[in-house]
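Me: Please take a close look at one part of this one for me, and give me enough of the whole chain to place it. Informal is fine.

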Amino acid sequence: MAQDGYAYSYEKRGVLLMKEFKVTYFFDQEHYVRRFIFVESQAEAEALIQSERDQYIHFTDSRGIYHELFTGHVRVIQISEYHRIDKTKKAKEMIDGSHFYS
């Protein structure tokens with residue numbers, strides 16, 4: 001089922017393993033918590049979130065911060081597929097490429 005955490009390889013020998021989804025829990029216009037999950041499809045992500053309704057859930061984010069929240073107090077939940085960008089590769093391309101002017 002779902003896994004929280006990091007995954008850097010989405011394909012292995014042409015077989016799709018897991019997709020990364022960003023789940024955002026909004027409490028009001030200014031306060032939200034974001035979580036990343038790994039499942040096989042959008043439908044599976046939606047099913048997971050629906051199964052967690054009116055329950056306490058907990059997870060640790062990428063910064064190592066532990067979150068525990070009651071989903072019954074959340075006003076809006078958004079789910080979207082997330083396409084992680086390798087920032088180190090992008091920075092190297094900018095340095096090596098013609099993005100800097102002399």
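Reply: First, a bit of vocabulary: buried means under 20% relative accessible area, exposed means over 50%, and partly exposed is in between (1.4 Å probe, protein chains only). This is a predicted model, where local features need pLDDT of at least 70 and side-chain atom pairs count only at pLDDT 80 or more, while totals for chains, interfaces and linings use all residues. Residues are numbered from 1 along each chain as its sequence is written, and side-chain values use heavy atoms, with hydrogens and water left out.

Of the chain's 102 residues, 21% are buried. Its order of elements is β-β-β-β-β-α-β-β-β-α, where helices (H or I, at least four residues) and strands (E, at least two) are DSSP runs numbered from the N terminus.

Now zoom in on strand β7, which spans 66-70 and holds histidine 67. With 16% relative accessibility, histidine 67 falls in the buried class. Its side chain makes a 2.9 Å polar contact with that of aspartate 61 (a pair of N or O atoms within 3.5 Å; within protein, one must be able to donate a hydrogen and the other to accept it, and residues adjacent in sequence count only if both atoms are side-chain atoms). Beyond four places in sequence, histidine 67 has contacts (heavy atoms within 4.5 Å) with Val33, Ile57, His58, Phe59 and Asp61.

Move on to the loop between β7 and β8 (76-81), and you meet histidine 73. Histidine 73 is exposed, because its relative accessibility is 57%. Arginine 53 is 20 residues from histidine 73 in sequence, with 9.8 Å between their C-alpha atoms.
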